[in-house]
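Colleague: I should like to go through this model with you, one feature at a time. Please give the reasoning before each result.

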Amino acid sequence: MGKQLARSVSIVGVGYTPFGFLQSTSAIKDFTERELISMAYIEALQDCGLEAKDVDAFYIAQYMPETLSHANSVAGIYADWLGMRMKPGFQMDGACCSSTLTLRNAVEMVASGSANVVASLSVEATTSNPIPGKPSHIREALPTPELWEKTMYGSDHGYVYWGGVPTSFDGCALEYARKYGLSMEQLDDVLNMAAYNNRRAGVLNPKAANAEKTFEEEAKENGFTTFMDYLRSDFNMKLSVTSRIKHMAATVDGASAVIVMPTEMAKRYNLDKRAVEVIGFGTATATAANQNDLYLASAREAYDMAGITNPRKEVDYFSPHDCLIGRQFVQAEAYGYFDEGEAWKYILEGRTAYDGDRPYHTSGGRSSMGHAWAASAGAEVAEAVSQMRGECGKRQVKMPPKTAVIANEGAGLNTNTTILRKQ
Amino acid sequence: MQPIIKMWYDYLDEGKLMGLKCKRCGTVHFPPFPICRDCSGVEMEWVEVSGYATVNEIALVTAPDEWFTEYAPYYYAYADTEEGSSFSSMLMGLEAEPEEVLDKYVRRFPLQARIEIQKRDGYSYPVYRLEE
């Protein structure tokens, strides 16, 4: 066993907003970041029957508040929106794994005994910016290429970053194809099926941003007999050697919230039936590292803490961080959810879909639910908790999972692993 | 402490590929860092590196940051230098249509490359060129 927490900590409340566009999605239209984070927090509080006064402290995950929201020191700003005036609040940035970093820190704070109930909250608005000098609901659209440009600088070293935008995400997919002898056509089909599996869940998730229609419906509308013919066609335009438009993370606005407390306290509050214990976490950071090394470092820390030695057998829900859809196979194998060379076959056969025997996240993933930078990781924790409770309705996996692994990465520099267990 | 970034770019301007070598264990860091990744030593000296590297992964960049638009589309290499550092940069000398890249190049990985210095906007940058 690896390092152990000083006391067991469980998630009791979760929530996330509809993912979408502040300028046009009806449920969040004309919101600012403030309403988004409040909405997610209220949902999480109501999920466990607590009120803001019951919460001792909060963490805020926001990757780029200054760049995207023209705000700094946001914990102080949001404290009043969260009904948490004068309480300890901390903002953290680990790019797109920020909201599981905040969860890790919230768990650690509770485990240390310095607080009992802590909220891990996150928000990101990636599709529009407030306009300096105007009220923050007055916004201008942020085109995706500009967003990526703002996102990518800081990839160190005094080097100006040559890597460019997500079209550069061929690396892991091509390497996987080389390693296991896949042809370009096979690789294309695997990536298309990964997007298809995501979409099948996304259309069942009312909070998904990019899932109004099934791929079958889109195929028919465009004159194709099968969804795969459609996904292989120029309607699903290629953006690089391997990536197509429907593989990409759909950048959106959203917020998520997770509330933790000591497992013993959850029992006293009669929250234990729906509580999910955080049994392990791991974090790794580095510049220009091989991505697999980062996954392995954070996975090792988390599995050691959780006492998991055979994830292929012991883990029954895996949430890949599929901002690049090829991560669905490389991460799942790095984390041991699949044996080496196994994941692509499961994806191709639809077995990683919500109704498959080896499920991935059931939210719709980053291609269909959308990707709200810092907020997505927390939303995937919320999705996993809902699955473990058996509360996911039409997209519920067949057997509510006992042990879930949520993998997250941020800007290629950070990885974070979260392991959950439902007793 | 030295102004490491400035010195690195100044050396590049002079046509030199320089890294920081740990005096305690000999590990060479390119690009340079002040604390050794292997032994945590903090006594460093500048040394010239060979510029040879092995390319492990590549990606096609079709929409780079604005500073590099003139080069697009170009390939980007994830590579390890001969001295053992991870260093990623633009990759020159790869000539293939996107659909040919897997069979023509990736199947033969790791490929040898060499760092060369490219001038852009008055500054000098290390980029890779495939050795064929």
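Modeller: Helices, of at least four residues, and strands, of at least two, are DSSP runs numbered from the N terminus. The model is a predicted one.

Colleague: How many helices and strands are there in chain B, and which pattern does chain B follow along the sequence?

Modeller: Chain B holds two helices and eight strands. Of its 132 residues, 36% count as buried, and its C-alpha atoms fill a box of roughly 45 × 35 × 20 Å along the principal axes. Along the sequence, the pattern of chain B is α-β-β-β-β-β-β-α-β-β.

Colleague: How is chain B divided, and which element gives the largest share of the side of domain 1 that touches domain 2?

Modeller: Chain B is divided into domain 1 (4–48) and domain 2 (52–130), and eleven residues of domain 1 of chain B are in contact with ten residues of domain 2 of chain B. On the domain 1 side, the elements that give two or more residues are α1 (4–13) and β2 (28–29) of chain B. That side divides into six nonpolar residues, four polar and one charged. Its largest share, three residues, comes from α1(B).

Colleague: How far apart do the C-alpha centres of these two domains of chain B lie?

Modeller: The domains in question are domain 1 (4–48) and domain 2 (52–130) of chain B. Their C-alpha centres lie apart by 22 Å.

Colleague: In the open sheet of three strands in chain B, which strands stand at the edges?

Modeller: The order of this sheet is β2-β1-β3 (chain B), with antiparallel pairing. β1 (residues 18–22) and β2(B) are joined by two bridges, and Lys21(B) stands opposite Val28(B) in β2(B). A strand with a single partner has one side left without a neighbour in the sheet, so the strands at the edges are β2 and β3 (44–48) of chain B.

Colleague: Is Ser89(B) buried or exposed?

Modeller: Ser89(B) is found in strand β6 (residues 86–92) of chain B. Tyr76(B) is 13 residues from Ser89(B) in sequence, with a C-alpha to C-alpha separation of 5.7 Å. The cut-off for burial is 20 or more other C-beta atoms within 10 Å. Because Ser89(B) has 24 other C-beta atoms within 10 Å, Ser89(B) is buried.

Colleague: Is Ser112(A) buried or exposed?

Modeller: Ser112(A) is found in helix α4 of chain A. The C-alpha atoms of Ser112(A) and Tyr230(A), 118 residues apart along the chain, are separated by 53 Å. A residue with 12 or fewer other C-beta atoms within 10 Å counts as exposed. Ser112(A) has 12 such atoms, so Ser112(A) is exposed.

Colleague: What are the expected span of helix α4 of chain A and the distance between its end C-alpha atoms?

Modeller: Eleven of the 15 residues of α4(A) are buried, so the helix is largely enclosed by the rest of the structure; Leu101(A), Leu103(A) and Val107(A) are among those buried. The helix is followed by Gly113(A), whose phi is positive, near 90°. At 1.5 Å a residue, the 15 residues of α4(A) (residues 98–112) should span 21 Å, which agrees with the distance between the end C-alpha atoms, 21 Å.

Colleague: Which residues lie on the two sides of strand β4 of chain A, and to which strand does β4(A) pair in the antiparallel sense?

Modeller: In a regular strand the side chains alternate between the two faces of the sheet. In β4(A), Val118(A), Ser120(A), Ser122(A) and Glu124(A) lie on one side and Ala119(A), Leu121(A), Val123(A) and Ala125(A) on the other, all of them buried. Five bridges join β4(A) to the parallel strand β2 (residues 57–61) of chain A, where Ile60(A) has Leu121(A) as its bridge partner. The antiparallel pairing, over eight bridges, is with strand β7 (residues 253–262) of chain A.

Colleague: Which helix gives the largest share of the largest nonpolar core?

Modeller: Of the 164 residues in this core, those that touch the most other members include Leu121(A), Ile259(A) and Leu91(B). The core draws at least three residues from each of domain 1 (4–48) and domain 2 (52–130) of chain B. The largest share, nine residues, comes from helix α16 (residues 374–389) of chain A.

Terms used. Residues numbered from 1 in each chain as written. Chains lettered and ligands numbered in written order. Predicted model: local features only at pLDDT ≥ 70, side-chain atom pairs only at ≥ 80, totals over all residues. Expected span 1.5 Å × (residues − 1). Core = buried A, V, L, I, M, F, W, Y, C linked by C-beta atoms within 7 Å. Domains from an automatic or database assignment. Contact = placed C-beta atoms within 7 Å. Nonpolar A, V, L, I, M, F, W, Y, C, P; charged D, E, K, R; others polar. Pairing = 2+ DSSP bridges.
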